[in-house]
Amino acid sequence: MDDAFDVPVRSDGIRLGQFLKLANLIESGAEAKEVIADGMVTVNGDVETRRGRQLAVGDVISLGGTSARVTLG
């Protein structure tokens with residue numbers, strides 16, 4: 001997962017739905033709900049279906065062949 005780009009967050013945690021928007025992997029919260037419910041999002045290689053999943057620094061989120069890493073910034 002070395003091809004992931006870094007996305008800095010303000011605290012050491014962010015919810016999955018919020019992160020997808022912050023990383024510009026999706027356009028809206030409604031789209032986040034849809035792609036997560038459809039099993040299209042992975043966290044550290046595992047399919048995640050909870051939009052409210054709390055992410056931590058270092059987690060790698062993937063959607064549609066694009067990966068983003070949570071960083072502290």
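Glu48 is buried, with a relative accessible area of 7%. In this predicted model, Glu48 lies in the loop that connects β4 to β5 (54-56). The side chain of Glu48 forms a polar contact with the side chain of Arg53, at 2.7 Å. When residues up to four places away in sequence are not counted, Glu48 touches Leu16, Ile36, Val41, Thr42, Val43 and Arg53. Two of these residues, Val41 and Val43, reappear below as bridge partners of residues in β6, and Ile36 reappears among the buried residues of helix α2.

The protein chain contains two helices and seven strands. Along the sequence, these elements follow the pattern β-β-α-α-β-β-β-β-β. The radius of gyration of the protein chain is 11 Å, close to the 11 Å given by the globule rule for 73 residues, so the chain is as compact as a globular protein of that length. The C-alpha trace spans about 30 × 25 × 20 Å along its principal axes. Of the 73 residues, 40% count as buried. The accessible surface of the protein chain is about 4,300 Å², and carbon and sulfur atoms contribute 45% of this surface. Among contacts with a separation of 6 or more, 49% are between residues 24 or more positions apart.

An open sheet is formed by five strands, in the order β1-β7-β6-β3-β4, with mixed pairing. At its edges are β1 (5-9) and β4 (46-47), each of which pairs on one side only. In general, the strands of a sheet pair through backbone hydrogen bonds, in either a parallel or an antiparallel sense.

Within this sheet, β3 (residues 41-43) pairs with β6 (residues 60-63) in the antiparallel sense, over three bridges. Val41 has Leu63 as its bridge partner in β6, while Val43 has Ile61 as its partner in that strand. The side chains of β6 are divided between two directions: Val60 and Ser62 point one way from the strand, whereas Ile61 and Leu63 point the other way. All four of these residues are buried.

Strand β6 is also joined to β7, by four bridges, and these two strands run antiparallel. Leu63, the partner of Val41 in the pairing with β3, has Thr66 as its bridge partner in β7. The hairpin of β6 and β7 has two residues between the strands, and in this hairpin Gly64 takes a positive phi near 55°.

Ser67 belongs to strand β7 (residues 66-72). With a relative accessibility of 10%, Ser67 counts as buried, because the cut-off for a buried residue is under 20%. A polar contact of 2.7 Å links the side chain of Ser67 to the side chain of Ser62. Ser62 is itself one of the buried residues of β6. Leaving aside neighbours within four places in sequence, the contacts of Ser67 are Asp3, Ala4, Phe5, Val60, Ile61 and Ser62. Of these contacts, Phe5 is in the range of edge strand β1 (5-9), and Val60, Ile61 and Ser62 are in the range of β6 (residues 60-63).

Helix α2 (residues 29-37) has Ala32, Val35 and Ile36 as its buried residues. Viewed down the axis of α2, the buried residues fall within an arc of 100°, so they line one face of the helix. An α-helix has 3.6 residues a turn, so residues three or four places apart point the same way. The face of α2 that is turned away from the buried side carries the exposed residues Ala30, Lys33, Glu34 and Ala37. The cover over the buried residues of α2 includes helix α1 (16-22) together with strands β3 and β6. Ile36, on the buried side of α2, is also among the residues touched by Glu48. After α2 comes Gly39, whose phi is positive, near 75°.

The loop between α1 and α2 contains Asn24. Asn24 is exposed, with a relative accessible area of 66%. Asn24 and Ala68 are 44 residues apart along the chain, and their C-alpha atoms are separated by 9.6 Å.

Key:
Residues numbered from 1 in each chain as written. Predicted model: local features only at pLDDT ≥ 70, side-chain atom pairs only at ≥ 80, totals over all residues. Heavy atoms only, no water. Pairing = 2+ DSSP bridges. Buried < 20%, exposed > 50% of the residue type's maximum accessible area, 1.4 Å probe, protein only. Polar contact = N/O pair within 3.5 Å; in protein donor to acceptor, adjacent residues only side chain to side chain. Contact = heavy atoms within 4.5 Å. Rg over C-alpha atoms; globule rule 2.2 N^0.38 Å. Areas by Shrake-Rupley, 256 points an atom, 1.4 Å probe, with all protein chains shown as cover. Arc of directions from axis to C-beta.
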